[in-house]
Amino acid sequence: IIGITVSKADHFAQWYQEVVLKAEMIEYYNEIAGFYILRPPAMYVWNVIRKWFQERIEHMGVEETSFPMFLSAKSLEKEKDHVEGFAPELAWVTKAGDKDLEVPVAVRPTSEAVMYPYYAKWIRSHRDLPFRLNQWNSVVRWEAKQTTPFLRAREFLWQEGHTAHVSEEAAGKEVLEILELYAGVYEQLLAVPVVRGRKTENEKFAGGYYTTTVEGYIPTNGRGIQGATSHCLGQNFSKMFDITVEDPNQKGQHMHVWQNSWGLSTRVIGVMVMIHGDDKGLVLPPRISRLQAILIPVGLTAKMTADEKTAHIAKCDELLVEIKKAGVRADIDVREGYTPAWKFNDWELKGVPLRLEFGPKDAAKEVVSYARRDTGEKGTVPLTELATAIPALLETVQQDMYDKADKAFREHRVVVQEWSKVVPALDSKNVVLIPHCLDMKCEDRIKDLTKSEEQVEGPDGQKAPSMGMKSLCIPFEQPTEKIAEGTKCLSPECERSAQTWVMFGRSY
Ligand SMILES: O=C(C[C@H]1NCCC[C@H]1O)Cn1cnc2c(c1=O)CCCC2
Ligand SMILES: [Mg+2]
């Protein structure tokens with residue numbers, strides 16, 4: 001095994017591809033471009049997320065469903081106004097065997113059009129509300145852009161929640177509850193800080209009413225990245241699909257239900273890899289790592305007799321049993337023919353949060369030596385304290401990983417009130433908070449005005465002029481700095497008054 005051949009700072013895109021491959025999270029599906037195989041280390045992360053999220057939405061009263069993966073052109077027709085933008089991404093099945101299908105069917109890119117005709121059938125009375133279904137599945141979007149593992153694939157795993165409510169308030173409450181769960185997936189499981197906010201009109205889901213989002217930050221290139229979205233659809237889809245109930249407030253009247261839809265995908269794994277990884281490879285937060293600690297016997301030199309070696313390994317096995325009994329997902333590496341140094345590199349590449357070493361010297365001192373994967377810090381734990389010290393150490397790693405990422409994001413989230421300072425801030429890997437008018441065209445112009453000649457390596461590894469900045473969100477938590485009365489939108493071409501602070505940045 002050779003390690004990562006490029007530095008994260010200098011060749012981020014290549015570094016990322018090598019890490020996900022060599023840490024055995026991903027295999028390229030070479031038959032067809034844009035598809036990836038998720039291997040056990042990645043599926044383990046996804047399953048921890050799924051269990052955590054599933055338990056909490058069940059607690060909210062969301063039930064699970066499974067709809068067909070194909071949709072008819074007819075039902076897509078209903079969404080035509082906002083789907084046309086997406087049409088190029090639709091994959092179609094036109095034949096079965098050697099026979100053409102009478103009517104071609106599309107592979108679901110998302111399931112609104114699949115599900116909502118049945119919502120119209122099932123939801124009749126306001127007593128059926130709130131109506132809440134979620135499905136865990138995969139969707140296909142035939143991306144034209146360069147694909148990359150986890151972040152942009154032509155098929156990805158996600159969950160898609162689709163709910164119906166009697167009022168805008170009830171829908172709005174759930175939008176935020178779900179958004180907070182998405183923030184929890186990032187902050188509590190992946191040790192990734194996110195900013196919660198609302199998408200601007202430019203960036204929201206076109207078919208919806210408003211979009212709330214959790215936004216991440218990649219320190220290596222200073223880009224923002226959308227982490228997950230929770231949309232209020234308003235009554236747009238219930239009008240398209242005629243989902244009505246009798247109006248509880250007006251006898252004999254019917255009302256269109258208020259709907260939400262919310263999704264989180266395997267993209268979250270890519271975000272975690274990009275933020276925490278280093279030049280030795282993957283760095284996994286303990287809470288989502290299949291293996292939290294790897295015990296490596298050391299000091300088994302030629303001087304030791306075979307019996308002494310056997311006795312030492314037996315002692316290691318005892319320690320492993322005790323560590324696992326304490327709830328730690330641990331294993332031992334007794335592979336023959338590999339040096340401890342080789343093993344250290346291999347497990348560092350795979351991102352195991354804690355390495356434990358046990359040799360004759362440790363045995364004599366009645367300690368286990370450890371090395372943290374996130375900071376490299378080394379130390380020892382008395383054999384008598386394994387059951388408490390190892391879990392505590394893992395919790396410290398989890399928290400320290402979060403704190404480090406949170407500090408990096410906070411330090412690179414800067415309030416800017418002079419236009420001339422914007423591009424320099426972006427070029428210094430910041431996202432910016434600027435007073436903005438919220439006009440869509442003004443936002444488009446800002447993207448053009450902030451392209452800079454500086455050649456940087458894009459996600460595809462090619463050098464290109466750095467892109468202009470997009471709005472990432474209107475943060476719910478606004479900067480403490482007030483926007484003084486009469487303040488104008490920061491764009492040099494805009495005379496409108498500023499409405500609010502908007503977070504802008506170069507992004508994925
Ligand atoms: O998928 C959504 C909205 C919604 N879908 C359900 C989960 C939450 C949220 O993503 C938006 N969207 C994105 N991308 C596409 C479509 C689309 O509707 C439809 C056509 C193909 C590409
Ligand atoms: Mg897309």
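I began with Glu112: an N or O atom in its side chain sits 2.8 Å from a nitrogen atom of ligand 1. I note here that the model is predicted.

I then looked up how much of ligand 1 is covered. On its own, ligand 1 exposes 470 Å², and the protein buries 92% of that. I also checked which elements give two or more residues to the shell around ligand 1, and found strand E8 (155-165) and strand E14 (258-265).

Next I looked for other polar partners of ligand 1. I found a polar side-chain atom of Thr110 at 2.8 Å from a nitrogen atom of ligand 1. For Arg141, I found an N or O atom of the side chain 3.0 Å from an oxygen atom of ligand 1.

I listed the surroundings of ligand 1. There are 14 residues around the ligand, and those that come nearest are Phe86, Thr110, Glu112, Arg141 and His231. I sorted the shell by class and got five nonpolar, five polar and four charged residues.

I turned to a separate residue, Ser491. I located Ser491 in the loop between strand E24 (470-475) and strand E25 (500-505). Is Ser491 buried or exposed? I entered Ser491 as buried, because its relative accessibility is 2% and the cut-off for buried is under 20%.

Last, I looked up what Ser491 touches. With neighbours within four places in sequence left aside, I found Ser491 in contact with Trp419, Cys442, Ile446 and Leu449.

Note on methods: Residues numbered from 1 in each chain as written. Chains lettered and ligands numbered in written order. Predicted model: local features only at pLDDT ≥ 70, side-chain atom pairs only at ≥ 80, totals over all residues. Heavy atoms only, no water. Near = heavy atom within 4 Å. Polar contact = N/O pair within 3.5 Å; in protein donor to acceptor, adjacent residues only side chain to side chain. Areas by Shrake-Rupley, 256 points an atom, 1.4 Å probe, with all protein chains shown as cover. Helix = DSSP H or I, 4+ residues; strand = E, 2+ residues; numbered from the N terminus. Nonpolar A, V, L, I, M, F, W, Y, C, P; charged D, E, K, R; others polar. Buried < 20%, exposed > 50% of the residue type's maximum accessible area, 1.4 Å probe, protein only. Contact = heavy atoms within 4.5 Å.
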